[in-house]
Amino acid sequence: MTVTELQTRKAELLKSLEATTSAADLESFKLAHIVRKGSIAALFDDLKNVPKEIKPEVGKALNELRISVEEKFKNKETALGGPIHEKADTLDLTMPSRPLTVSEPGHEHPLNKTLDEMVGIFVNMGFDVAYGPEIEDDEHNFEKLNFAPDHPARDMQDTFFIKPSKDWKPESGEKPVLLRTHTSPVQVRLMESGKLPIRAVMPGRVYRNEAISARSAACFYQLEGLVIDKGVSMADLKGILLSFAKQFYGDDTKIRLRPSYFPFTEPSVEVDVSCYICGGKGCRICKSSGWLEVLGAGMVHPNVLRDCGIDAEIYTGYAFGMGIDRTALMRYGINDIRFFTENDYRFLRQF
Ligand code: DAH
């Protein structure tokens with residue numbers, strides 16, 4: 001390594017720097033020559049092999065090379081918009097905004113969409129909307145709905161207990177706290193409030209200790225309905241449900257009531273709507289039956305009215321409860337209930 005060689009090298013490096021026109025090229029130059037393992041540092045390492053007599057001159061020339069190259073590099077960096085790490089702190093007000101596809105507006109969740117539409121239909125028919133707590137006590141979730149402490153129907157709904165534990169026995173006398181297994185306890189809260197007549201729907205989330213699969217979740221949505229007044233009959237229930245079914249599922253929809261059992265209603269019914277996919281002819285969705293089971297309903301049991309402080313000799317009422325998730329699945333042709341809670345943007349943006 002001689003002084004002349006270093007001067008030639010310097011000229012080459014400066015020329016190459018001069019030719020860079022982009023921040024990316026400049027970064028490559030830096031990585032090749034300026035960093036600690038770059039070509040200039042290598043020349044410094046080489047200094048130890050230079051004969052003692054010429055070492056001072058060579059050393060000086062090398063220093064000059066480094067200084068000139070670094071200086072030119074700095075100038076170039078400024079000319080090309082400044083060092084990349086400093087750029088992050090700079091706000092470039094002239095920069096165009098991101099295209100709209102990136103900052104796309106939010107989408108309504110398919111469950112909310114379904115629920116809002118259902119609630120809207122009932123509101124238009126004169127119903128109020130009421131809400132209750134998701135953490136409930138045994139009294140509201142079971143007892144006042146006519147589930148006796150040892151009533152086998154408690155097993156119909158696998159409960160998540162918060163207190164005392166899942167091994168709770170009615171004999172213990174302790175009143176459990178739990179995640180509500182249905183929206184029916186909101187009915188109890190409304191009746192207890194003492195304001196009559198009642199005409200309300202109650203949407204909300206409910207919880208059951210169930211194995212999670214494509215078709216069932218441990219947390220899902222229900223819409224509850226309750227009407228209490230003088231002279232309310234089963235015919236009123238049927239009329240309201242038929243009107244709802246026509247508005248929600250389509251004008252040609254028919255309904256069918258089958259006898260069923262719920263502790264809090266007597267008589268109790270299971271309500272089917274004619275399959276809106278095949279129009280009742282029979283298809284894969286309705287399992288060739290032509291009917292879809294959509295809700296449970298009935299006349300409020302006199303025990304329930306009495307326990308909630310309502311005179312069952314004067315007032316009667318009907319109630320109904322339907323699941324939202326399965327309805328939304330069928331409506332939008334979704335094949336796995338878990339999509340609802342996975343928060344996958346690719347799924348959500350379709351609605
Ligand atoms: N609570 C019931 C369930 O979760 C559904 C239900 C049935 C609600 C009949 C009602 C009713 O209000 O009258 O399975």
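These legends accompany close-up views of a predicted model and its ligand.

**View 1. The ligand and the residues around it.** Welcome to the ligand site, where 16 residues surround the ligand. Among these residues, H182, Q187, R208, Q222 and E224 come nearest. By class, the shell around the ligand holds five nonpolar, nine polar and two charged residues.

**View 2. Polar side chains beside ligand oxygen atoms.** Here we look at three side chains in turn. R208 places a polar side-chain atom 2.8 Å from an oxygen atom of the ligand. For Q187, an N or O atom of the side chain is 2.9 Å from a ligand oxygen. Q222 has a polar side-chain atom 3.0 Å from an oxygen atom of the ligand. On its own, the ligand has 360 Å² of accessible area, and the protein covers 92% of this area.

**View 3. The pocket and the elements that frame the ligand.** The largest pocket is the space taken by the ligand. One helix, α8 (184-192), supplies at least two residues of the shell around the ligand. The strands β6 (219-229), β9 (291-300) and β10 (316-323) each supply at least two shell residues as well.

**View 4. A cavity lined by residues of two helices.** Searching the whole structure turns up one cavity of 30 Å³ or more. The largest cavity holds about 30 Å³ of space, and its lining consists of L6, Q7, K10, A61, E64 and L65. Helices α1 (3-19) and α4 (55-79) are the elements that give two or more residues to this lining. Sorted by class, the lining has three nonpolar, one polar and two charged residues.

Note on methods:
Residues numbered from 1 in each chain as written. Predicted model: local features only at pLDDT ≥ 70, side-chain atom pairs only at ≥ 80, totals over all residues. Heavy atoms only, no water. Near = heavy atom within 4 Å. Polar contact = N/O pair within 3.5 Å; in protein donor to acceptor, adjacent residues only side chain to side chain. Areas by Shrake-Rupley, 256 points an atom, 1.4 Å probe, with all protein chains shown as cover. 1 Å grid on protein atoms, 1.4 Å probe; cavity = no way out; pocket = protein on both sides within 12 Å on 5 of 7 lines; lining within 4 Å. Sits in = over half its atoms within 2 Å of the grid points. Helix = DSSP H or I, 4+ residues; strand = E, 2+ residues; numbered from the N terminus. Nonpolar A, V, L, I, M, F, W, Y, C, P; charged D, E, K, R; others polar. Points joined across faces, edges and corners; volume = space filled by probe spheres on them.
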